[in-house]
Amino acid sequence: MSLTNYNINKLDAALSSGLSSALKVLDTVLSTPASVNCESGRIEILSSIDYSRVEPAMCAIATFSGDANGTGIILFNEQALLAIISQLTNNEESEFDEMSLGMLNEIITQTASDFAANISSELGKSITVSMSQLFDFNGASDIAPYLGGGVIDDVYAKYLTCEVSGVFNAASIAIINRELIESVCEKQEIAPEPVYEAEEIIEEAVEEIAEEPAEEYIQPEAPVHIEKTVKKVSAAAAEPV
């Protein structure tokens, strides 16, 4: 069932606030100014999301509980994550290993409380958020089970860009499942389009034709040569035999 009849404006504003606050923690972690630009979220089919904007990527599962329940997945660009590791370790040859992933998972865990506090305030609900550890992203079919649906199901998708001056400028994508949308968003009443029966359409067409003024028929004048021929024949007929 489509989610397009839900008003996502309030959820969108809450997630913009929460994600911006959460990613701004990089200001402190990296001791470098960070800025976040959030695009307006929209309802999309999971398989239609533009993953190319963030791939190659890793992702983490966000579990929402409290006054609103549901699941989200946040995708992070791998090069941006490696840049964070390099900045923290002063090592330009960084790679994903147990130590570096542990550092990244700790940062993500720290951001969860700020994220939860912001969306709770925006939505007027008490919501807690717990984050999973990072894992490789391998396409829509890879994350569909965590969202409780399939690749052709509707989800909420939000694209954002995070820039840390001199470190990285990369995109991320936040995806929210049906359960959370139904928990916090109101349905919009969509007026159905009028349906006309065939008989009604024919009747209206007949009435329109009947109302049109009839055009006066004007007898066309006969061509001159025909008129002369007719006179000659008439004259000949009148002569005595």
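**Exercise 1. Find what share of the protein chain is buried, and describe its overall make-up.**

Step 1. Of the 241 residues in the protein chain, 39% count as buried; buried means under 20% relative accessible area, exposed over 50%, and partly exposed in between, with a 1.4 Å probe and protein chains only. This is a predicted model, in which local features need pLDDT of at least 70 and side-chain atom pairs count only at pLDDT 80 or more, while totals for chains, interfaces and linings use all residues. Residues are numbered from 1 along each chain as its sequence is written, and side-chain values use heavy atoms, with hydrogens and water left out.

Step 2. Now the secondary structure: the protein chain has 8 helices and 10 strands. These are DSSP runs numbered from the N terminus (helices: H or I, at least four residues; strands: E, at least two).

Step 3. Turn to contacts, meaning heavy atoms within 4.5 Å. Among those in the protein chain with a separation of 6 or more, 71% join residues 24 or more positions apart.

**Exercise 2. Locate the largest nonpolar core and name the helix that gives the most to it.**

Step 1. A nonpolar core is a set of buried Ala, Val, Leu, Ile, Met, Phe, Trp, Tyr and Cys residues joined through side-chain atoms within 4.5 Å. The largest has 52 residues, and L26, F64, V129, F168 and I181 have the most contacts inside it.

Step 2. Helix 4 (residues 98-123) gives the most to this core, with 8 residues.

Step 3. Apart from this core lies another of 19 residues, including Y51 and A140.

Step 4. Try I181 as a sample: leaving aside neighbours within four places in sequence, I181 is in contact with L3, Y6, L11, I43, V155, Y156 and I176.

**Exercise 3. Check the span of helix 3, then look at its two ends and its packing.**

Step 1. The expected span is 1.5 Å times one less than the number of residues. For the 12 residues of helix 3 (residues 78-89) that gives 16 Å, and the end C-alpha atoms are 16 Å apart, so the two agree.

Step 2. At the N-terminal end, N77 caps helix 3, with a side-chain oxygen 3.0 Å from the backbone nitrogen of Q79. Just after helix 3, N90 takes a positive phi of about 55 degrees.

Step 3. The buried residues of helix 3 are E78, A80, L81, L82, A83, I84, I85 and S86. Their packing partners include helix 2 (26-30), strand 4 (57-66), strand 5 (70-77) and helix 4.

**Exercise 4. Two aromatic pairs: which is tilted, and which is edge-to-face?**

Step 1. The structure holds 3 aromatic pairs. Rings of Phe, Tyr and Trp (its six-membered ring) pair if their centres lie within 6.5 Å; planes under 30 degrees apart count as stacked, over 60 as edge-to-face and the rest as tilted.

Step 2. Y51 and F137 form a tilted pair, 5.0 Å centre to centre with 40 degrees between the planes. Their positions are 86 residues apart, Y51 in the loop between strand 3 (42-45) and strand 4, F137 in the loop between strand 7 and helix 5 (140-147). Y51 counts as buried because its relative accessibility is 8%.

Step 3. F64 and F115 form an edge-to-face pair, with 6.0 Å between centres and 65 degrees between planes. Since F64 lies in strand 4 and F115 in helix 4, this pair ties together parts 51 residues apart in sequence. F64 is buried at 3% relative accessible area, and F115 is buried at 6%.

Conventions:
Polar contact = N/O pair within 3.5 Å; in protein donor to acceptor, adjacent residues only side chain to side chain.
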